[in-house]
Amino acid sequence: MAGSDEVNRNECKAHSLWLWLLACCVVLQTVVPLHTWVLISNYKLSYNILRRADGTFERDLGEYLDRRAPANARPVEGVSSFDHVIDQSVGLEVRIYRAVDGDAAGDEGAAAVTLPILKFLTDAPAAEPFPVIIFFHGGSFVHSSASSTIYDSLCRRFVKLSKGVVVSVNYRRAPEHRYPCAYDDGWTALKWVMSQPFMRSGEDTRARVFLSGDSSGGNIAHHVAVRAADEGVKICGNILLNAMFGGTERTESERRLDGKYFVTLQDRDWYWKAYLPEDADRDHPACNPFGPNGRRLKGLPFTKSLIIVSGLDLTCDRQLAYAEALREDGHEVKVVQREKATVGFYLLPNTVHYHEVMEEISDFLNANL
């Protein structure tokens with residue numbers, strides 16, 4: 001009977017959410033392409049079903065609902081990928097993407113698939129410089145994975161843009177794994193990349209690493225970059241897409257856009273409560289890095305940043321304030337703001353915003369290689 005009650009509650013939640021989403025459809029489609037609206041609305045629907053009021057999460061159902069793409073050692077459209085465990089102690093896995101030339105893409109047989117991977121993992125540094133993008137997927141620290149279809153597609157796009165390697169990190173997620181687990185996994189991934197000869201290139205045979213992520217992944221990229229600066233690890237650049245920051249005091253954009261374009265403050269508050277230490281509020285440095293309990297970065301060799309901001313993301317003010325704080329501390333920042341873009345616009349190639357931002361990312365990679 002208890003199980004039946006739970007199913008009924010979820011069905012009611014789903015029905016109410018769909019009614020709300022349909023009511024928003026006419027308004028949103030004046031700004032949001034239909035495919036984007038359907039994609040993000042479906043994610044919102046499942047996210048609301050999966051979150052529990054007591055702060056726990058329907059992980060088994062979440063894994064079932066997460067649409068995933070398998071790794072493809074056999075190249076697809078010139079990009080090959082494979083999964084690789086880099087820390088057995090916590091089961092930390094990465095998905096590695098690389099460009100494969102046309103001749104290799106046409107090979108047949110199991111050996112033609114596995115041998116190139118083994119060769120890649122044991123290869124010497126390349127003479128020609130190439131970027132290595134360490135990517136952290138979004139999902140507010142709770143949802144998605146390195147194999148989620150939307151992020152698999154985005155990482156493939158990055159490979160085509162950069163002609164380099166993308167290492168997508170399958171970091172541990174909240175609420176099962178709270179702060180600082182995601183940051184620790186990001187740091188482990190960075191150290192692993194830096195230690196691999198096959199990730200190095202150019203006359204100086206070094207790893208030309210960029211950190212990138214969207215939503216919570218952008219937050220992780222920032223914190224890993226700070227640690228890298230503290231420990232003297234050179235990062236070529238940070239690429240943050242709608243990075244997830246917060247604070248106890250509401251900003252103007254949070255009040256104005258609450259619930260209007262897919263995201264609500266109630267949603268965000270739940271995720272921060274799920275990730276932060278149990279006794280922490282949203283002015284914890286993980287959430288509000290330059291807030292009252294945060295740390296300024298003046299004098300630290302922090303990397304250059306490309307910050308992508310959606311004007312219809314309710315946390316856009318926080319992202320702009322983050323960029324301004326970096327500038328005040330003497331760091332190089334480029335902000336690319338798209339006033340009429342919503343969260344997740346970079347996941348589908350169906351707007352001018354998408355193509356403009358991909359060009360900006362390509363230019364940033366080439367300029368800082």
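**View 1. Phe158 in the largest nonpolar core of the predicted model.** This core holds 96 residues, and Phe158 and Ile361 touch the most other members. Leaving out residues up to four places away in sequence, Phe158 touches Ile133, Phe135, Val166, Ser212, Leu241, Met358 and Ile361. A second core of 11 residues is separate; among its members are Phe262, Val263, Leu265 and Leu312.

**View 2. Ser212 and its surroundings in strand 5.** Strand 5 spans residues 208–214 and includes Ser212. The relative accessible area of Ser212 is 0%, under the 20% cut-off, so this serine counts as buried. A polar atom of its side chain lies 2.9 Å from the backbone oxygen of Ile239. Neighbours within four places in sequence aside, Ser212 is in contact with Ile133, Ile134, Phe135, Phe136, Phe158, Gly217, Ala221, Ile239 and Leu241.

**View 3. The two faces of strand 7.** Strand 7 covers residues 305–310, and 6 of its 6 residues are buried. Side chains in a regular strand alternate between the two faces of the sheet. Here Ser305, Ile307 and Val309 point one way. Leu306, Ile308 and Ser310 point the other way.

**View 4. Strand 7 and its pairing partners, strands 6 and 8.** Strand 6 (residues 237–241) pairs with strand 7 in the parallel sense, over 4 bridges. Within this pairing, Asn238 has Ser305 as its bridge partner. Strand 8 (residues 333–338) also runs parallel to strand 7, joined by 6 bridges. There, Ser310 stands opposite Arg338.

**View 5. A right-handed β-α-β unit.** The unit is made of strand 7, helix 11 and strand 8. Helix 11 comprises residues 316–328.

Methods
Residues are numbered from 1 along each chain as its sequence is written. This is a predicted model: local features need pLDDT of at least 70, side-chain atom pairs count only at pLDDT 80 or more; totals for chains, interfaces and linings use all residues. Side-chain values use heavy atoms; hydrogens and water are left out. A nonpolar core is a set of buried Ala, Val, Leu, Ile, Met, Phe, Trp, Tyr and Cys residues joined through side-chain atoms within 4.5 Å. Buried means under 20% relative accessible area, exposed over 50%, partly exposed in between (1.4 Å probe, protein chains only). Contact means heavy atoms within 4.5 Å. A polar contact is a pair of N or O atoms within 3.5 Å; within protein, one must be able to donate a hydrogen and the other to accept it, and residues adjacent in sequence count only if both atoms are side-chain atoms. Two strands pair if DSSP finds at least two bridges between them. A crossover is right-handed if, with the strands pointing away from the viewer, the path from the first strand over the helix to the second runs clockwise.
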